[in-house]
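User: I'm new to this one and would like a walk through it. Can you take me around, one question at a time?

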Amino acid sequence: MSGYREEGTEASLTLGADGMLRLEWPRGAAITAADAEHAMRRVNELCGDNRHPMLVDMATTADVSRGARAVFGRPCQASRIALLGSSPVDRVLANFFLGINAVPCPTKFFTSERDALAWLALT
């Protein structure tokens with residue numbers, strides 16, 4: 001699948017020709033449970049019966065609610081998830097999520113997009 005892209009007020013979701021999902025939250029986003037539900041529903045719709053690795057760009061995310069963290073902890077059609085951040089705050093958010101929630105697939109935090117994509121390609 002290539003070239004499919006959806007943008008909403010909360011997130012941008014792309015499934016590339018390489019089979020890689022990319023989810024990017026807008027600058028300063030405070031992600032609620034409803035935002036997370038919408039994003040995960042779109043991931044599952046885009047993937048259909050197939051599973052794909054997913055890069056989540058959370059570099060400018062301001063907050064992820066407890067409800068959103070619970071939603072992100074549920075299984076979806078992502079086969080692996082790389083969380084991409086750039087600041088110590090991003091690392092704290094990611095480590096908090098990874099430490100509190102049982103993740104449904106291999107999930108890891110990165111500050112380098114190149115490293116994240118290389119890890120995702122290991123599927």
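**A walk through the model**

Analyst: Happy to, and let's begin at the end of a helix: α1 is followed by Gly-48, whose phi is positive, near 60°. Keep in mind that this is a predicted model.

User: Which pattern of helices and strands does the chain follow along the sequence?
Analyst: Start with the parts: the chain holds four helices and eight strands. Put in sequence order, they read β-β-β-β-α-β-β-α-β-α-β-α.

User: What share of the residues in the chain is buried?
Analyst: To count as buried, a residue needs under 20% relative accessible area. The chain has 123 residues, and the buried share of them is 46%.

User: Among contacts between residues at least 6 apart in sequence, what percentage join residues at least 24 apart?
Analyst: One example of a pair distant in sequence is Met-40 and Phe-72, which are 32 residues apart along the chain but 7.6 Å apart in space, C-alpha to C-alpha. For the chain as a whole, counting contacts between residues at least 6 apart, the part that joins residues at least 24 apart is 74%.

User: How far does helix α1 reach from its first C-alpha to its last?
Analyst: Helix α1 covers residues 33-47, which is 15 residues. At 1.5 Å a residue the expected reach is 21 Å, and the model comes close to that, at 21 Å.

User: Within what arc do the buried residues of α1 fall?
Analyst: The buried residues of α1 are Asp-35, Ala-36, Ala-39, Met-40, Arg-42, Val-43, Leu-46 and Cys-47. Look down the axis of α1 and they line one face of the helix, because they fall within an arc of 155°.

User: Is Met-40 buried or exposed?
Analyst: Met-40 sits in helix α1. Setting aside neighbours up to four places away in sequence, Met-40 touches Leu-23, Met-54, Val-71, Phe-72 and Cys-76. Its relative accessibility is 9%, and the cut-off is under 20%, so Met-40 counts as buried.

User: Which element gives the largest share of the largest nonpolar core?
Analyst: That core has 29 residues, and Leu-23, Trp-25, Met-40 and Met-54 have the most contacts inside it. At least two residues each come from β2, β3, α1, β5, α2 (66-72), β7 and α3 (88-100). The largest share is six residues, and the element supplying them is α1.

User: How many residues does the other core have?
Analyst: Nonpolar side chains tend to be buried together in soluble globular proteins. Apart from the largest core lies another one, with Met-20, Phe-110, Ala-116 and Trp-119 among its members. The number of residues in this other core is eight.

User: Which residues of helix α4 are buried?
Analyst: Helix α4 spans residues 113-120. What covers its buried residues includes β5 (52-57), β7 (78-84) and β8 (107-110). The buried residues themselves are Ala-116, Trp-119 and Leu-120.

User: And within what arc do the buried residues of α4 fall?
Analyst: Take the view down the axis of α4 once more. Its buried residues line one face of the helix, because they fall within an arc of 100°.

User: Which residue of β3 stands opposite Ser-12?
Analyst: Strands β2 (residues 12-15) and β3 (residues 21-24) run antiparallel and are joined by four bridges. Their hairpin has five residues between the strands, and Gly-19 takes a positive phi near 85° there. Across from Ser-12, in β3, stands Glu-24.

User: In which direction do β5 and β7 pair, parallel or antiparallel?
Analyst: β5 also has β3 as a partner: four bridges join the two, and they run parallel, with Leu-21 and Met-54 as one pair of bridge partners. Five of the six residues of β5 are buried, so β5 is largely enclosed by the rest of the structure. With β7 there are five bridges, His-52 stands opposite Ala-78, and the sense of the pairing is parallel.

User: Last one: is Pro-75 buried or exposed?
Analyst: Pro-75 lies in the loop between α2 and β7. In space, Pro-75 is 7.9 Å from Val-103, C-alpha to C-alpha, though the two are 28 residues apart in sequence. Its relative accessible area is 68%, and over 50% is the cut-off, so Pro-75 is exposed.

Conventions
Residues are numbered from 1 along each chain as its sequence is written. This is a predicted model: local features need pLDDT of at least 70, side-chain atom pairs count only at pLDDT 80 or more; totals for chains, interfaces and linings use all residues. Side-chain values use heavy atoms; hydrogens and water are left out. Buried means under 20% relative accessible area, exposed over 50%, partly exposed in between (1.4 Å probe, protein chains only). The arc is that of the directions from the helix axis to the C-beta atoms. Contact means heavy atoms within 4.5 Å. The expected span of a helix is 1.5 Å times one less than its number of residues. Two strands pair if DSSP finds at least two bridges between them. A nonpolar core is a set of buried Ala, Val, Leu, Ile, Met, Phe, Trp, Tyr and Cys residues joined through side-chain atoms within 4.5 Å.
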